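Biologist: Please take a close look at the salt bridges of this model. I should like to know where the partners sit, how far they are covered, and how the pairs relate to the rest of the fold.

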Amino acid sequence: MLNRRHIRIKVMQAIYAMHQSGSDDLEKQEKFLQVSLENILDLYLIMLSSIVEIRKKEIEYITIAQKKHLATPEERNPSQRFVNNPILVALEESNALNIAFEARKINNWQANDDTILLLLQDIKQSDLYQKYMAKKTVTFEEERFFVVDMFSELIAPNEKLYSYLEDYKLTWVDDIPVVNTQIQKQLRHLLADADLIKVPAIYKDDEDKDFASALFRKTVLNESELAKEFSDKTPNWDIERIAELDTIILKMAICEFLKFPSIPLKVTINEYLELAKEYSTPKSSLFINGILDNLVKELQKNNRVNKTGRGLI
């Protein structure tokens, strides 16, 4: 689920939080980082469970409407297309998802069903839903595309849902796009077979998992040494006035230059320039690019770069 860029973001945030708290408890902060990364799976499951709960609420609504004393013909014999959508049914019947929901105690919507009701209302009022329900017949592909579009256009961008997730766990703010992209990708390829639905691993492999801890530890334990590498590269800047996030980004990048031999220099530079563009000041990426570019030339000139493998320099 997670790529290296997002791992770098979480490490950057953990180091920043450590600085802000004034803590020097490395073990505690590393545990915070690992929990923050592991919790992304909960976010993924909560988002998927919202789809399951939306279908359940519609079934409840249909059942109650059918039992009304003065039910209309439409209420007595409603269209079952939405609740019988094979993708929605497969999500609810998935053993893998249900086991994960139980294991991770994902029951958020039982206590916050007002969010689900609002989502259902928005869905039923949408042109997407109206067109889907109005079709005489639908193919399996159309059933699947409807669920993908419903999630992408109506659920994922919903402001009330976003606010709930932000309030529930602040560290999820930057994780929501990653999780939503993962779910969209899965929905596009789902078949009407509940047993084929898989809960993704948080990390691509053990190497990525180890990378998160190694980058955090090696950066924090060598902060003074890493800062010296660029302190003389900023003649027009008072080192104390450089944005704190910029110094953290520089230290992490230099740490990768010197202590991660399998990561190409160009990859490191590009990744941290993207982080600077997204998280720091408007001029940060130019400032950081200038320092890293000069530093790489100096490191290579002094044979301090030890990259292994093809195309890593």
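**Salt bridges and their setting**

Modeller: Glu-274 and Lys-277 form a salt bridge in which the closest N and O atoms are 3.5 Å apart. This is a predicted model, and every distance below is to be read in that light. Both residues belong to helix H15, which spans residues 265-279, and they stand 3 residues apart, about one turn of the helix. The two partners can be told apart by their cover. Glu-274 is partly exposed, having a relative accessible area of 32%, whereas Lys-277 is exposed at 54%.

A second pair is found within helix H9. There the side chains of Arg-144 and Glu-141 meet in a salt bridge, with 2.4 Å from N to O. Helix H9 covers residues 140-155, and once more the partners are 3 residues apart, about one turn of the helix. Arg-144 counts as buried, since its relative accessibility of 8% lies under the 20% limit. Its partner Glu-141 is partly exposed, with a relative accessible area of 35%. The pair thus joins a buried arginine to a partly exposed glutamate.

The next pair reaches between helices. The side chains of Glu-27 and Arg-217 meet in a salt bridge at 2.7 Å, N to O. Because Glu-27 lies in helix H2 (residues 26-66) and Arg-217 in helix H12 (residues 206-221), the pair ties together parts that are 190 residues apart in sequence. Glu-27 is exposed, with a relative accessible area of 52%, a value that passes the limit of 50% for that class. Arg-217, at 26% relative accessibility, counts as partly exposed.

Some charged residues are joined in a network rather than in a pair. Arg-5, Arg-8, Glu-256 and Glu-271 are linked by salt bridges in this way. How many salt bridges are there in the count? The total comes to 22. As a matter of principle, side chains of opposite charge can pair when their charged atoms come close.

These pairs may now be placed in the protein as a whole. The protein has 16 helices and 0 strands. Its charged groups number 42 positive and 49 negative, and the mean positions of the two sets are 3 Å apart. Of the contacts with a separation of 6 or more, 81% are made by residues 24 or more positions apart. The Glu-27 to Arg-217 bridge, which ties together parts 190 residues apart in sequence, may be read against this background.

The overall dimensions complete that view. The radius of gyration is 25 Å, while a compact globule of 313 residues would have one near 20 Å. Taken along the principal axes, the C-alpha atoms fill a box of roughly 85 × 40 × 35 Å. Buried residues make up 48% of the 313 residues. The accessible surface comes to about 16600 Å², and carbon and sulfur atoms account for 50% of it.

Two buried residues illustrate how helices are covered. Leu-161, in helix H10 (residues 159-168), counts as buried at 1% relative accessibility. Apart from residues up to four places away in sequence, Leu-161 touches Met-47, Trp-109, Thr-115, Leu-119 and Ile-155. Among these, Met-47 falls within the span of helix H2, the helix that also carries Glu-27, and Ile-155 within that of helix H9. The C-alpha atom of Leu-161 is separated by 41 Å from that of Leu-226, a residue 65 places along the chain. Ser-284, found in helix H16, is likewise buried, with a relative accessible area of 1%. Leaving aside neighbours within four places in sequence, Ser-284 is in contact with Asp-246 and Ala-276. Ala-276 falls within the span of helix H15, the helix of the Glu-274 to Lys-277 bridge.

Finally, two residues outside the helices deserve attention for their backbone. Lys-105 is not a glycine, yet has a positive phi of about 55 degrees. It is placed in the loop between helix H5 (95-103) and helix H6 (108-111), and it is exposed, with a relative accessible area of 65%. Asn-303, also not a glycine, has a positive phi of about 55 degrees. Asn-303 lies in the segment after helix H16 (284-301) and counts as exposed at 68% relative accessibility.

How values were computed
Residues numbered from 1 in each chain as written. Predicted model: local features only at pLDDT ≥ 70, side-chain atom pairs only at ≥ 80, totals over all residues. Heavy atoms only, no water. Salt bridge = Lys/Arg side-chain N within 4 Å of Asp/Glu carboxyl O. Helix = DSSP H or I, 4+ residues; strand = E, 2+ residues; numbered from the N terminus. Buried < 20%, exposed > 50% of the residue type's maximum accessible area, 1.4 Å probe, protein only. Rg over C-alpha atoms; globule rule 2.2 N^0.38 Å. Contact = heavy atoms within 4.5 Å. Areas by Shrake-Rupley, 256 points an atom, 1.4 Å probe, with all protein chains shown as cover. Lys, Arg positive; Asp, Glu negative; His and termini not counted. Charge placed at Lys NZ, Arg CZ, Asp CG, Glu CD.
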